[in-house]
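Open the model in your viewer and keep the selection tool ready. Each stop below tells you what to select and what to look for.

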Amino acid sequence: MRLLFLAVLRPHTGNAVTAQRIRDHVEAAGHMCVLKDALDYDSPSEVAELIRATDVEAALALHAYRAGRLLRGHGIPFGIIFGGTDLNEDVSQGEKHHVMGRVLEEARFAVAFTESMKAAAGLQWPHAKEKIYVQTQGIATSPSATFHWDTFLQHAEITAPTAGDVHVFLLVCGLRQVKDPLYLVDAFSEWHQQEPSVYLVIMGPEVDPVFTREVKAKVKSSAGVRLVREMPQDDLHAALKHCVALVNSSVSEGMSAAILEAMELEVPVLARNIPGNTAVVQHGATGLLFSDPQEFVQLAKRLVSDPALGRDLGASGRAYVRTHHAWRAERDTYQHLIQTLEGGAGHRAC
């Protein structure tokens, strides 16, 4: 089967990584998957032309609104995968809510990353409850063997007598407001002035140009905080292994792939206490949760002063990911759901 897969494919973002992984699952089942960036298309009519040109028989969309809305009315079966933006932001906007409801009417199936996401979607669109399935993100990491930490520190303009004298906290996110990368900057900068060995490094693509300028200006005037560009996935995984912790300060999340990748790498996670994060981080067991910048600093200090705590959290995090976010289970689920896009209009996921 030839399948069109629409997703937002900004390089080095969680969405892009997720889409590429799911494409691999589809193609491993013998299908041809045409992966396209939803941002390249403004209307369903443009996608209609794409469908004719690529001769696809079915489709898949990552994000019910940003991608799913483009698949309506073409007469080919499709499924959708909810993104965090769908259920944390777009759902509160009347027109987008209505459009997503119409998308779900046509979709053969919908996938939510967590039970809470499924429940939220079921409340918003009761007519679609029976077609919503839960599949957590499957995680696989591949740290580069040629990555050099000292070079990374030089590029980040972090200086120390030796690399071992530096304690780096890495915040990985696209530069947009919902990720709130400036949330911890003032508190961290104050801590750095007391303890010069600690650094907060913010890494990610420049998604929102206006907000990116704000981030750059703030970081430039904040001691102990650095902003670096995104890097290839295998280098990012290698860099994480040198960090004290992976930091997440988002206002909302669906399911953060960066958090799960850090866990799989046995790197402690320091995450903001929000529903998307509490779905995967159990405070004191698989990671640490903070509710404000002051609590973040307190917990970060614990990790610096107690390496054994970090090792315990890392080991528990890895065990959690390998149990609940197995790559093979994700592959099996998507390959099964894709089968439901074959056959007549009455065929449904079971």
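The tour goes from model confidence to strands, then to aromatic rings, and ends at two single residues.

**Stop 1: confidence**

This is a predicted model. Colour the chain by pLDDT. The average for the protein chain is 94, and 97% of the residues score at least 70. Now select residues 344-350. Here the pLDDT is below 50. In the model this stretch still has 14 contacts beyond near neighbours in sequence. Where pLDDT is low, predicted coordinates should not be read in detail.

**Stop 2: three strands**

Select strand S10, residues 245-248. Show the side chains. Ala245 and Val247 point one way. Leu246 and Asn248 point the other way. In a regular strand, side chains alternate between the two faces of the sheet. Are these four residues of S10 buried or exposed? All of them are buried.

Add strand S7, residues 167-172. S7 and S10 run parallel, joined by three bridges. Leu170 has Leu246 in S10 as its bridge partner.

Next, add strand S11, residues 269-272. S10 and S11 also pair in the parallel sense, over three bridges. Leu246 has a bridge partner in S11 too: Val269. How does the chain get from S10 to S11? The path goes through helix H10, residues 257-264. Trace this β-α-β crossover, which is right-handed.

**Stop 3: the ring cluster**

Select Phe169, Phe188, Trp191, Phe290 and Phe296. Ring pairs link these residues into a cluster. The aromatic pair count comes to nine. Zoom in on Phe169 and Phe296. Their ring centres are 6.2 Å apart and their planes meet at 70°. Over 60 degrees counts as edge-to-face, so this pair is edge-to-face.

Why does this pair tie together parts 127 residues apart in sequence? Because Phe169 lies in strand S7 and Phe296 lies in helix H12, residues 293-305. Phe169 has a relative accessible area of 0% and is buried. Phe296 is also at 0% and counts as buried.

Stay on Phe296 and add Phe290. These two rings form another edge-to-face pair. Their centres are 5.2 Å apart, with 70° between the planes. Phe290 is buried, as is Phe296.

**Stop 4: charges over rings**

Select Arg272 and Tyr183. The charged end of Arg272 sits over the ring of Tyr183, 3.5 Å from the ring centre. Then jump to Arg69 and Tyr65. Here the charged end of Arg69 sits over the Tyr65 ring, 5.1 Å from its centre.

**Stop 5: two single residues**

Select Leu60 in strand S3, residues 58-62. Leu60 is at 0% relative accessibility, so it counts as buried. Which residues does Leu60 touch, leaving out those up to four places away in sequence? Among them are Leu3, Phe5, Ile22, Leu71, Phe109 and Ile338. Ile80 is another of these contacts. The C-alpha atoms of Leu60 and Ile80 are separated by 5.6 Å, with their positions 20 residues apart along the chain.

Finish at Gln233 in helix H9, residues 233-240. Is Gln233 buried or partly exposed? At 24% relative accessibility, Gln233 counts as partly exposed. Gln233 touches Val17 and Glu261, not counting residues up to four places away in sequence. Last, draw a distance from Gln233 to Ser144. Their C-alpha atoms are separated by 8.6 Å, though the residues are 89 apart along the chain.

Technical notes: Residues numbered from 1 in each chain as written. Predicted model: local features only at pLDDT ≥ 70, side-chain atom pairs only at ≥ 80, totals over all residues. Heavy atoms only, no water. Phe/Tyr/Trp six-rings, centres within 6.5 Å; stacked < 30°, edge-to-face > 60°. Helix = DSSP H or I, 4+ residues; strand = E, 2+ residues; numbered from the N terminus. Buried < 20%, exposed > 50% of the residue type's maximum accessible area, 1.4 Å probe, protein only. Lys NZ or Arg CZ within 6 Å of the ring centre and 35° of its normal. Pairing = 2+ DSSP bridges. Right-handed = clockwise from strand over helix to strand, strands pointing away. pLDDT = per-residue confidence, 0-100. Contact = heavy atoms within 4.5 Å.
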